[in-house]
Amino acid sequence: MFEIEVSQSKGLRNDKGRKFIDADYFYNIENMNYDKITGASAIQTPSVEYNVGNDQIDGIFDFRFVDANGQFQSQKIIVQGGSIIKDFLTAPVTVYTGLTAGHKCTFGILNDKLFISNGEDYPLVYDGTYVKEMGAPTAKDLLVAGVLTGNYFYAMTYVVSGVEVILGTVSNTVNIASKSIDLDIPVGASNCTERKIYRTEAGGSILKLVTTITDNTTLSYNDNTPDGSLGATIPTINSSCPKPQFITVKDEKLIGAVNQNRPNYLYVTEIETEVFFNTSGVTDVSGVGNDNSKLTGLIEDYDQIVVFSEKHIYLCDTTGLVTKVKQTTSNVGCIDGFSIARIPENDVLQGGIMFVSNLYDVRIFSGNIATNLSTSFDNLTTNNFSMQIDKEDLKNQLIDNPLHAAFYDYKYHLIAETFTYVYDIRINGWTKYFINTASYTPTYWIYGIIENELYVSQKNAGIVEKMYNDTTYRGEVLPCYLETPEIAANTANKYFRKLYVYYEKAGQNEFNILATINSNVNKEVTVTYTGGTYDEDYFDPLFYDTDNEEEDFQVFNINKYGRWMRFRISSNDNIIIKGWKLTGRLISNKEL
């Protein structure tokens, strides 16, 4: 006799032939998750939460801040078609237009302001009411009487060592009648000695001098200067504001990277300073290790900023006045910074950063222990966590395709072409999603987490969906399946007798089992959750039936000779497969 039983899978593995993969892996699995607690369960489908127009959504963010009245506020933000839209889930309001559509956005919060950067346009600053470009004043109508009437916008320049630095950024536009305008003005770097404020005439576009602030500390200014009293025209841009693709905040500093004009530079502001400059706080990261390839992304890990280039990984200490950069010994880089996600540690995985490498596989960069990474270089590792997925198949789906990753509910989610690869840190293994019904096959673009829920946007439509939230996708079933490798391939000829499939009773569901013996003989059965194990002609099925959310099982009589066997379980319902057992006996050649 022989018996093979599996109650805990190690996830997806298809990097070898079916006959060389252990029975406790799945050779294929789609639209199912597998963990130690629930078993293999059909995923809950995404639900459409926002569906407006055809412009794709380039950013999703949950902006939480304290307003000017000391009140906590929360705004759900999307960037769609170049517009910033607040409260998109409830009552959408457009607060800004003018970004270049089709460029993914990243976000950071400093001083209760939201910073939005897309690598193409000047970074934006949003305080919950007004949106301006980085480095410019915020213009406000506070209902103070004055001489100004019309539409106005502003710019500000920074004087450093007697040189006026012109960034090219502008404020929001205000429309007033017989009033003055209040300005919130940002400070420059510590070596800035003066700041100059420029404004248009009513309805104009040429910026002219309003006043010079002869310090680097003043934070506000009331403008009541008549158009006819404005001074000289603003000089030509001489140090354009950096446009990093990736932006974050650490140690009360803005940190940015992946600027098209200077692709190997990291930008770090001084504490609570809200402006990137080309002339201060700039570090050539990839030049430190003679790498000189362009940077591709960044993320915070422990007390360091981890910066990726196309070829290497760097640790950047931004706590001091000067950024310190160290090249790690990890001899891979990152191909797409949007594939980077921070993974917390658990009893299997000791934490780290997952990303798609320049070798088109998925890796994790980890210091293994939660200490200052700069003192624990011996613990730094870069492991290939996609070794169990067919390398060429994965590469074909990753290469030349925009990627996006997020970590949610113990899982690293990676959008790759039409599939989503999902790595569960509880089982240290992969599964795969393919959202595909009779009428809909969405192509996904970016993730965002709002109030601890995972949202995803589509690439070719103005649609945002909430993951894991429904039983059907747009009213249609979402097929799921799992498929084993060839079982018992390493033993002699066999008589396959019975396949026991254990499942959790939850509702009225059914699944199909297709058994394949010797890779060419098929036997199939459909299982419903209507009874116990026994034939109802001889036993009362209700007596043996279990309650909902309890394990039950069905027996599939195989009764076939063969060298190996595999089976596929497929369903359109919310099935939960807890495990399986295959029984039979070894046979002699005479019986064949």
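In this predicted model, the lining of the second largest pocket is a mixed one, with nine nonpolar, eight polar and nine charged residues. The volume of this pocket is about 620 Å³. A total of 26 residues line the second largest pocket, and those closest to its centre are Asn111, Lys113, Asp127, Lys140 and Asp184. Strands β6, β7 (72-80) and β14 (138-140) each give two or more residues to this lining.

The largest pocket holds about 870 Å³ of space. Its lining counts 31 residues, with Phe61, Thr106, Phe107, Ile340 and Ala405 nearest the centre. Several elements give two or more residues each to this wall, among them β10 (106-110), β23 (244-250), β31 (341-345) and β35 (404-408). The most is given by β6, which supplies five residues. By class, the lining of the largest pocket comprises 19 nonpolar, seven polar and five charged residues.

Next come the enclosed spaces. Five cavities of 30 Å³ or more are found in the structure. The largest cavity contains about 90 Å³ of space, and 15 residues line it, of which Phe26, Tyr34, Ile577, Gly579 and Trp580 lie nearest the centre. Two elements, β47 (565-571) and β48 (576-586), give two or more residues to the lining of this cavity, and β48 gives the most, with four residues. Eleven of the lining residues of the largest cavity are nonpolar, two are polar and two are charged.

Attention now turns to charged side chains. Side chains of opposite charge can pair when their charged atoms come close. In this structure the count comes to 24 salt bridges. Glu486 takes part in a salt bridge with Lys19, at 4.0 Å from N to O. This pair links distant parts of the chain, 467 residues apart, with Glu486 in the loop between β42 (480-483) and β43 (494-504) and Lys19 in the loop between β1 (2-6) and β2 (28-30). Glu486 has a relative accessible area of 3% and is therefore buried, whereas Lys19, at 34%, is partly exposed.

Glu486 also meets Arg566 in a salt bridge, here at 2.8 Å from N to O. Because Glu486 lies in the loop between β42 and β43 and Arg566 in strand β47, this pair ties together parts that are 80 residues apart in sequence. Both Glu486 and Arg566 are buried.

A further salt bridge joins Arg199 and Asp223 at 2.8 Å, N to O. Arg199 belongs to strand β20 and Asp223 to strand β22, 24 residues apart. Arg199 is buried, with a relative accessible area of 0%, and Asp223 is buried at 0% relative accessibility. Finally, a network of salt bridges links Asp62, Arg64, Lys76 and Glu451.

Conventions:
Residues numbered from 1 in each chain as written. Predicted model: local features only at pLDDT ≥ 70, side-chain atom pairs only at ≥ 80, totals over all residues. Heavy atoms only, no water. 1 Å grid on protein atoms, 1.4 Å probe; cavity = no way out; pocket = protein on both sides within 12 Å on 5 of 7 lines; lining within 4 Å. Points joined across faces, edges and corners; volume = space filled by probe spheres on them. Nonpolar A, V, L, I, M, F, W, Y, C, P; charged D, E, K, R; others polar. Salt bridge = Lys/Arg side-chain N within 4 Å of Asp/Glu carboxyl O. Buried < 20%, exposed > 50% of the residue type's maximum accessible area, 1.4 Å probe, protein only.
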